[in-house]
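Work through the following exercises with the sequence and the coordinates side by side. Each task is followed by a solution that goes step by step.

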Amino acid sequence: MINIFSSIKFKVFLSICLLILLSMSVMSFVNNNFLLSKLTDYATDNATSTSTETKKSIEYILELIQNSSSLLCTNKEIINGLTDKTNPDEEYSINTILRNVSSIQPQISGIYIVGLNGKVFSSVPFKSEIEILRKLGEMTQDESHYSGLYRGNNRNQNVDVISYFNNIRRYGKEIGILIIDIDYNSLKDAFTTTTIRSDEKVLVLDSQGSIIFNFPNYVYLDSIVENNPEILKHGNLLIENNVFGVESIIVSSLIESADWRIVRVITKENVYKDTEALKSLSFSISVIFIILALCLSYVLSTVLTNPLKELRSKIKHVENGNLNINVKVSSRDEYGQLSQSFDNMVVKLKDYMDKELDNQKKKSEMKFQILQSQINPHFLYNTLDSVKWLATIQNVPSISEMVTSLINLLRYSLLDTDKLTSLSEELEGIKNYIIIQKYRYGDIFTVSYNIPDEIKSCKILRFILQPIVENSIYHGFENLYKQGSIKINAYQKDHNLIIEVIDNGIGPGIENIGKNIVYKRSDSFNGIGLNNIQERIQLYFGPQYGIYLAAGYKNKGTVVTITVPYII
């Protein structure tokens, strides 16, 4: 029985599995360490790009304000109005200019010009000079303000504004101050529209870290700046930290035109959720491919080894002696060629075995003929010699009996030995042989039979008992100083007929006790006789049958056991 772990099927299965798993491991390694890393970087860049969009929206508004400021600060009419005396028409014209600029930019709440000569211009009708001057005083008193932007209140319109101011110069000398009020809500809308994700937190800080805008509006976000002070110390910055107990990415970028900065807080879960989904998908696909790889490996190993299993099964049949077998493999690959070669080998082996069997039968027949040619003259000489002495010594009726037994024995021995006869006929031949030997040897031995009547009709080969009995008489009783005895027993056992010839002679003179009989004695008659019986039985019935020699009780005498199939 082949161990499953040492079988070719298992080795093929394991090899294919290892090859597929190795390939998938390399792919997974590349995927996790390169592709997923790139996707993670891309997700981070994509998440931070929104901060850039927010920054651009605010910078766009501030740039419009700065451009408008530049145009107004270089307007000749305004410069002349701040340096020369103006009449009401010129003052009205300057206010109209301011109103026109304000009207085309909805984010502008108001534009004011305060000259060092005390002149005040405004885009807002009915705006008192006192309020404008108060506003200017508040802006200049705010020590934290230096960026040109100041958050306050347009009291006339009662709205929050972020004021932008710029100096108006002539020939390098300051002659007035331009103030542009930017509607706080306009900037806030520009800020909010680019901050779409409700689960994110975004702040716009001034240079001192004060929050100008924040999203969501209802959340207190000052702790973000307090816990991450490095935000105010660097320009553009990306750090990872816990915000409100959640792992997050903090992105800070400068709005250089206003000296502000945008701080965006993005949870890692949101940044990497697509990447994690891809990892989960990759893992699921890997599991599916592993299962498919195992199934494919099993199927391939089965397909590749089934022809070998079929061939092995057929070889077992041939090993057990069945040569009427062929391997049905129709493929044209190496398996098909091997199977075809095996079939050809079996056919040739069968032909060889048939020829060898015929040769052995012919040899056996020739040996038996030689045996008969040796037996008949030798036996006939001895018998006739006995008849001569009996006739010389006495004239008795026993001579007739002896001659009759001789005739019957010769007739039986000369029949076709390859044909089966009944056990009773074989025993009758033995009895004739014993009668003759009794006249020659007298009462130096006795013969007894223990054979049930129901097995006397069993079929056996002719002339297989006489050489064994003859061997007991000629050699077993030689130099025996007591009366010899021969017992012939027969019985059925396991669908076989067992015949025993037991004598109390000097014992078996053999080198190997068993089915291979090799005699020490030089008497070729006995060797040929017993070997001939062995070969005839095995050629006719098969190698599992034959004769077996053993010593008798306490190594005295000889027991010859004949085993043939039980045939009625």
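**Exercise 1. Determine what share of the protein chain is buried, and how its contacts are distributed along the sequence.**

Solution. In this predicted model, buried residues make up 42% of the 568 residues in the protein chain. The chain has 12 helices and 17 strands. Turning to contacts with a separation of 6 or more, 62% of them join residues that lie 24 or more positions apart.

**Exercise 2. Check whether the length of helix H10 agrees with its number of residues.**

Solution. Helix H10 covers residues 423-441. The expected span takes 1.5 Å times one less than the number of residues, so the 19 residues of H10 should span 27 Å, and the 26 Å between its end C-alpha atoms agrees with this. Just after H10, Gly-442 takes a positive phi of about 70°.

**Exercise 3. Describe how H10 packs against H11, giving the angle, the distance between the axes and the residues in contact.**

Solution. Two packed helices are described by the angle between their axes and the distance between the axes. For H10 and H11 (residues 466-476), the angle is about 20° and the axes are 10 Å apart. Since angles under 35 degrees count as roughly parallel, H10 is therefore roughly parallel to H11, and the crossing is right-handed.

The next step is to list the residues that meet: H10 contributes Glu-426, Ile-430, Tyr-433, Ile-434, Gln-437, Arg-440 and Tyr-441, while H11 contributes Gln-466, Val-469, Glu-470, Ile-473 and Tyr-474. Sorted by class, this contact of H10 with H11 holds seven nonpolar, two polar and three charged residues. Finally, the buried residues of H10 include Glu-426, Ile-430, Tyr-433, Ile-434 and Gln-437, and Glu-426, Ile-430, Tyr-433, Ile-434 and Gln-437 are also among the residues that meet H11.

**Exercise 4. For Tyr-171 and Phe-244, state the value of phi, the place in the chain and the degree of exposure.**

Solution. Most residues other than glycine have a negative phi, and most peptide bonds are trans. Tyr-171, although not a glycine, has a positive phi of about 55°, and it is found in the loop between strand S4 (159-170) and strand S5 (173-183). Because its relative accessibility is 79%, Tyr-171 counts as exposed.

Phe-244, likewise a residue other than glycine, has a positive phi near 55°, and its place is in the loop between strand S8 (237-243) and strand S9 (246-255). With a relative accessible area of 48%, Phe-244 is partly exposed, as the exposed class begins over 50%.

Notes: Residues numbered from 1 in each chain as written. Predicted model: local features only at pLDDT ≥ 70, side-chain atom pairs only at ≥ 80, totals over all residues. Heavy atoms only, no water. Axes fitted to C-alpha atoms, helices over the stretch in contact; angles between N-to-C directions. Helix = DSSP H or I, 4+ residues; strand = E, 2+ residues; numbered from the N terminus. Parallel < 35°, antiparallel > 145°, perpendicular 65-115°, else oblique. Left-handed = near helix turned anticlockwise from the far one by under 90°. Contact = heavy atoms within 4.5 Å. Nonpolar A, V, L, I, M, F, W, Y, C, P; charged D, E, K, R; others polar. Buried < 20%, exposed > 50% of the residue type's maximum accessible area, 1.4 Å probe, protein only.
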